[in-house]
Amino acid sequence: LFYLTDKPEKAGWMPDAEKVALAEVLEAEKEDHVGKHGNPLKILMYPKVVFLCCCYFCFNWGFYGANFYMPTQVAAFMGSEVNFLVGMVSTIPWLISCAFIFYFTNRSYKTGNCATIVSLCLFLAGCGIATSSVSNPYLGILGLGFGVGGILAAMPIFWTIPARFLSGLELALAVAMVNSVGVLGGWCAPIVRQWFTSNMGPEWG
């Protein structure tokens, strides 16, 4: 905290020319974004922000639903109780997730096409979660890997999107709003899954 600085002009380790250039870029971005929507509180109802809230709600809904019940689901695939072997097999979806995160975040960095890559990740996640409901254990575990991996790969890329059209106070409010709504997805997922399991059977859950 003592080493980091909050403005380019305070960065003693940066050459003067770079300080000036970076300060000009930041100022231009600020002028381009700030005040575009008038009252900063109105940003909470801005269509793009509302859309991001819905996206992040679904992120957490899918992720927490899969994450919380993964050992139970893997145990069902293996026809056993939750034990050490089930825990070891449950690492397979997380290894797939690592590959997803590495590939898609690098792809996003190289192309800059964040929205398309997030959409692709979520498409793969949706297909994976749907596939994880089959009875075949190999397809089921692969589906869990795609489901969790797609969501985890999309998350860091997703958080670069608000800064593409907002900055300053508007950006802070939007991020807080999106994160707050997203948390509700993680809260709802286990409750809804349990309701479906209790009332419509485990295959629906």
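A residue is called buried when its relative accessible area is under 20%, exposed when that value is over 50%, and partly exposed in between. These terms are applied below to a predicted model.

The protein chain contains seven helices and zero strands. Read from the N terminus, its elements follow the order α-α-α-α-α-α-α. Along the principal axes, the C-alpha trace extends over about 65 × 35 × 30 Å. The radius of gyration of the protein chain is 21 Å, whereas a compact globule of 205 residues would have a value near 17 Å. Of the 205 residues in the protein chain, 35% are buried. The accessible surface amounts to about 12500 Å², and carbon and sulfur atoms contribute 69% of that surface. Among contacts with a separation of 6 or more, 68% join residues that stand 24 or more positions apart.

One salt bridge is present in the structure. The pair consists of Asp16 and Lys19, whose closest N and O atoms are 3.8 Å apart. This distance satisfies the criterion for a salt bridge, because a side-chain nitrogen of Lys or Arg has to be within 4 Å of a carboxyl oxygen of Asp or Glu. Both Asp16 and Lys19 belong to helix α1, which comprises residues 16–33. The two positions are separated by three residues, about one turn of the helix. The partners fall into separate accessibility classes: Lys19 has a relative accessible area of 16% and is therefore buried, while Asp16 has 58% and is therefore exposed.

Helix α2 spans residues 47–78 and includes Gln73. The relative accessible area of Gln73 is 15%, so this residue is classed as buried. When residues up to four places away in sequence are left out, Gln73 touches Ser132, Ser133, Leu144 and Arg193.

A nonpolar patch of about 440 Å² is found on the surface, and its members are Met78, Phe84, Leu85 and Met88. Helix α3, formed by residues 84–89, supplies the largest share of this patch, with three residues. Met88 is located in helix α3. With a relative accessibility of 45%, Met88 counts as partly exposed. Met88 is therefore eligible for a patch in terms of accessibility, because patch residues need over 30% relative accessible area.

The count of disulfides is zero. For Cys54, the closest cysteine sulfur is that of Cys53, and the two sulfur atoms are 6.8 Å apart, which is too far for a bond. A disulfide would not be assigned at such a distance because the sulfur atoms of the pair must be within 2.5 Å. Cys114 likewise takes part in no disulfide, and the nearest cysteine sulfur, in Cys121, lies 11 Å away. The accessibility of these two cysteines was also examined. Cys54 has a relative accessible area of 46% and is therefore partly exposed, whereas Cys114, at 5%, is buried.

Methods:
Residues are numbered from 1 along each chain as its sequence is written. This is a predicted model: local features need pLDDT of at least 70, side-chain atom pairs count only at pLDDT 80 or more; totals for chains, interfaces and linings use all residues. Side-chain values use heavy atoms; hydrogens and water are left out. Patches are made of residues with over 30% relative accessible area and no salt bridge: like charges are joined within 9 Å, nonpolar side chains (Val, Leu, Ile, Met, Phe, Trp, Tyr) within 5 Å. Accessible areas come from the Shrake-Rupley method with a 1.4 Å probe; for residues, only the protein chains shown count as cover. Helices (H or I, at least four residues) and strands (E, at least two) are DSSP runs, numbered from the N terminus. Buried means under 20% relative accessible area, exposed over 50%, partly exposed in between (1.4 Å probe, protein chains only). Contact means heavy atoms within 4.5 Å. The radius of gyration is taken over C-alpha atoms; the globule rule is 2.2 Å times the number of residues to the power 0.38.
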